[in-house]
Amino acid sequence: MSSKGKTIIILLLICVIIAIIPLAIIKNSEFGGADGEAFDAITEMDPNFEPWADPLLEPPGGETESLLFCLQAAIGAGIFGYGVGVLKQRNKKEKTAI
């Protein structure tokens, strides 16, 4: 296996470890989003606060919200990966043209 392949495998393992460790160590915890934390902080500073906008689409449950978040992350990762691939091929073509 090439050193590039070994590096990719090591990076993937590190990513998996970073994702699994908090879930394994912190028991019975809820990993909430920044929106809920911001709302709590604002209502603590100003108890009369009322949001001026409502969500356009309210998901029916937490699992739907998680699914939409994962879908958003997958689309973003795909776009990022495509961009990296384009840049890599462009660099390869420039090197062979010289």
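A positive patch on the surface of this predicted model is formed by K4, K88, K92 and K95. Helix α3, which spans residues 62–97, supplies the largest share of that patch, namely three residues. One of the patch members, K92, is found in helix α3, and with a relative accessible area of 45% K92 is classed as partly exposed, because that class covers values between the 20% limit for buried and the 50% limit for exposed.

Negative charge also gathers on the surface, in a patch made of D35, D54, E58 and E65. Of these residues, E65 lies in helix α3, the helix that also holds K92 of the positive patch. Over the protein as a whole there are 8 positive and 12 negative charges, and the mean positions of the two sets are 37 Å apart.

A third patch is nonpolar, and it brings together M1, I9, L13, I17, I21, I25 and I26, whose accessible area adds up to about 720 Å². I25 belongs to helix α1, which covers residues 3–25. The relative accessible area of I25 is 62%, so this residue counts as exposed, the limit for that class being over 50%.

The three surface patches are set side by side below.

| Patch | Residues |
|---|---|
| Positive | K4, K88, K92, K95 |
| Negative | D35, D54, E58, E65 |
| Nonpolar | M1, I9, L13, I17, I21, I25, I26 |

As for the overall fold, the protein contains three helices and zero strands, and the order of elements along the sequence is α-α-α. Its radius of gyration is 21 Å, well over the 13 Å that the globule rule gives for 98 residues, so the protein is more spread out than a compact globule. Taken along the principal axes, the box filled by the C-alpha atoms is roughly 65 × 35 × 30 Å.

The accessibility values complete the description of the chain. Of the 98 residues, 1% count as buried, a class that requires under 20% relative accessible area. The protein exposes about 9300 Å² in total, and carbon and sulfur atoms supply 67% of that area.

Conventions. Residues numbered from 1 in each chain as written. Predicted model: local features only at pLDDT ≥ 70, side-chain atom pairs only at ≥ 80, totals over all residues. Heavy atoms only, no water. Patch = residues over 30% accessible without salt bridge, like charges linked within 9 Å, V, L, I, M, F, W, Y side chains within 5 Å. Areas by Shrake-Rupley, 256 points an atom, 1.4 Å probe, with all protein chains shown as cover. Salt bridge = Lys/Arg side-chain N within 4 Å of Asp/Glu carboxyl O. Helix = DSSP H or I, 4+ residues; strand = E, 2+ residues; numbered from the N terminus. Buried < 20%, exposed > 50% of the residue type's maximum accessible area, 1.4 Å probe, protein only. Rg over C-alpha atoms; globule rule 2.2 N^0.38 Å. Lys, Arg positive; Asp, Glu negative; His and termini not counted. Charge placed at Lys NZ, Arg CZ, Asp CG, Glu CD.
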